[in-house]
Amino acid sequence: MRQANRFPRCTMLVGCFALAFSGFSLLTAGAALAQESVPAMMNGLAAGLPALVANDAADGTTSYSLSLQILALMTALTVLPSLVLGMTSFTRIIIVLSLLRQAMGTQQTPPNQVLIAIALFLTFFIMSPTLTAVYEKAGDPYLNGQIGAEAALDTATIELKEFMVKNTRKNDLNMFMDLGDNGAVETPADVPLSALLPAFITSELKTAFQIGFLLFLPFLVIDMVVASVLMSLGMMMLSPMLVAMPFKLLLFVLVDGWTMTVGSLVATYVV
């Protein structure tokens, strides 16, 4: 019995020794990897994938393979929706159109895809002067090799800053500048994006809700009149929204509501 009990103990000792040796090997390998440069680590990890290679040039710069550049581009594209929402006129337009649909009581008509398409096309129309300036001053010179990527990015950022500053309320911008302990600035290019982006979005939301309130008023009057008439006639079981919808649509068509709404939205921007 004593000899039989020795085998589990020996097995446990051997297992503990193997585990300790494995941990020591991992720590040694981690220390060795920490001493290598980032390109060397990438090249080592991508030994079986020749497309994923980063090379150190003689002047100290690092060049990446085409696959890594595509990977970086795809990663940057994931931020594109946030840029569209936060740095353009898309937010104000889509909110106003959504509030207009709710005011008319048409449920899902027009559908969300149509509203998004209208908002995107209006955004391109409003932002066309800014986008043209970005392409002429940053995109075209970069593609022709006249300026580098950093210079092109800085130039494009300045153009977008000018658009956002022109369409941002001073109170909102001053509030975020004070919260961020930023000093006074002389030109729109000096305004930090950390304060300008939240100020611009806040200003867009406020303006969108103000326009939505004005759009709600005539339809609210129609709802109140229809509800009062139905109550006076004793038609308790008839839905006021169902009766008021044709009158809302008739009023919106007679005053050419889509043209007025779109024209008012475009006129609220300074480019």
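# Reading a predicted helical model, feature by feature

Analyst: Let us start at one residue: with a relative accessibility of 3%, Ala 103 counts as buried. Please keep in mind that this is a predicted model.

User: Happy to start there. Why does Ala 103 count as buried?

Analyst: The idea is a cut-off on relative accessible area: buried means under 20%. Ala 103 counts as buried because its value is 3%. This residue sits in helix α5.

User: Which residues does Ala 103 touch, not counting those up to four places away in sequence?

Analyst: Leaving out those neighbours, Ala 103 touches Leu 215, Phe 216, Phe 219 and Lys 248. You can also compare sequence and space: Ala 103 and Phe 213 are 110 residues apart in sequence, and their C-alpha atoms are 9.4 Å apart.

User: How would I read that for the whole chain? What share of the contacts with a separation of 6 or more comes from residues 24 or more positions apart?

Analyst: That share is 62%. For the overall layout, there are 11 helices and 2 strands, and along the sequence they follow the pattern α-α-β-β-α-α-α-α-α-α-α-α-α. Of the 271 residues, 27% are buried. The accessible surface comes to about 18,000 Å², and 71% of that belongs to carbon and sulfur atoms.

User: Now the interior. What should I look for in a nonpolar core?

Analyst: The general idea is that in soluble globular proteins, nonpolar side chains tend to be buried together. In this model, the largest nonpolar core holds 34 residues, and Ile 93 and Phe 163 touch the most other members. The elements giving two or more residues to this core are α5 (90-104), α6, α7, α8 (170-179) and α9. The biggest share comes from α5, with 10 residues.

User: Which residues is Phe 163 in contact with, beyond its neighbours within four places in sequence?

Analyst: Its partners are Met 87, Thr 88, Ile 126, Met 127, Thr 130, Phe 200, Tyr 269, Val 270 and Val 271.

User: Is there another residue that I could look at alongside Phe 163?

Analyst: Try Ser 89, in the loop between α4 and α5. Ser 89 counts as buried because its relative accessibility is 0%. Outside the four-place window, Ser 89 touches Thr 123, Ile 126, Met 127, Glu 204 and Tyr 269. Ile 126, Met 127 and Tyr 269 are also among the contacts of Phe 163.

User: On to pockets. How much space lies in the largest pocket?

Analyst: About 1,000 Å³. After the volume, I would read who lines the pocket: there are 27 lining residues, with Leu 83, Val 134, Leu 153, Ala 156 and Leu 160 nearest the centre. Next, find the elements they come from. At least two lining residues each come from α3 (66-77), α4 (80-87), α6 (112-143) and α7 (149-166), and α6 gives the most, with 11.

User: How does the lining of the largest pocket break down by class?

Analyst: The lining has 22 nonpolar, 4 polar and 1 charged residues.

User: And how much space lies in the second largest pocket?

Analyst: That pocket has about 270 Å³. Of its 15 lining residues, Leu 214, Leu 215, Gly 257, Met 260 and Thr 261 are closest to the centre. The elements that each supply at least two residues to this lining are α9 (193-233), α10 (240-254) and α11 (257-267). By class, the lining has 11 nonpolar, 4 polar and no charged residues. Leu 215 links back to our starting point, since Ala 103 touches it.

User: Last topic: how do I read backbone angles?

Analyst: The general idea is that most residues other than glycine have a negative phi, and most peptide bonds are trans. With that in mind, look at Gln 107, which has a positive phi of about 60° although it is not a glycine. Gln 107 is found in the loop between α5 and α6, and counts as exposed at 59% relative accessibility.

User: Where is Pro 110 placed?

Analyst: Pro 110 is also in the loop between α5 and α6. The peptide bond from Thr 109 to Pro 110 is cis, with omega near 0°.

User: What phi does Asp 256 have?

Analyst: Asp 256 has a positive phi of about 55°, although it is not a glycine. This residue lies in the loop between α10 and α11. At 42% relative accessibility, Asp 256 counts as partly exposed.

Terms used. Residues are numbered from 1 along each chain as its sequence is written. This is a predicted model: local features need pLDDT of at least 70, side-chain atom pairs count only at pLDDT 80 or more; totals for chains, interfaces and linings use all residues. Side-chain values use heavy atoms; hydrogens and water are left out. On a 1 Å grid over the protein atoms alone, a cavity is a set of points where a 1.4 Å probe fits but cannot get out, and a pocket is an open set with protein on both sides within 12 Å along at least five of seven lines; lining residues have an atom within 4 Å of a point. Grid points are joined across faces, edges and corners, and a volume is the space filled by probe spheres set on the points. Helices (H or I, at least four residues) and strands (E, at least two) are DSSP runs, numbered from the N terminus. Ala, Val, Leu, Ile, Met, Phe, Trp, Tyr, Cys and Pro count as nonpolar, Asp, Glu, Lys and Arg as charged, and the others, Gly among them, as polar. A nonpolar core is a set of buried Ala, Val, Leu, Ile, Met, Phe, Trp, Tyr and Cys residues joined through side-chain atoms within 4.5 Å. Buried means under 20% relative accessible area, exposed over 50%, partly exposed in between (1.4 Å probe, protein chains only). Contact means heavy atoms within 4.5 Å. Accessible areas come from the Shrake-Rupley method with a 1.4 Å probe; for residues, only the protein chains shown count as cover.
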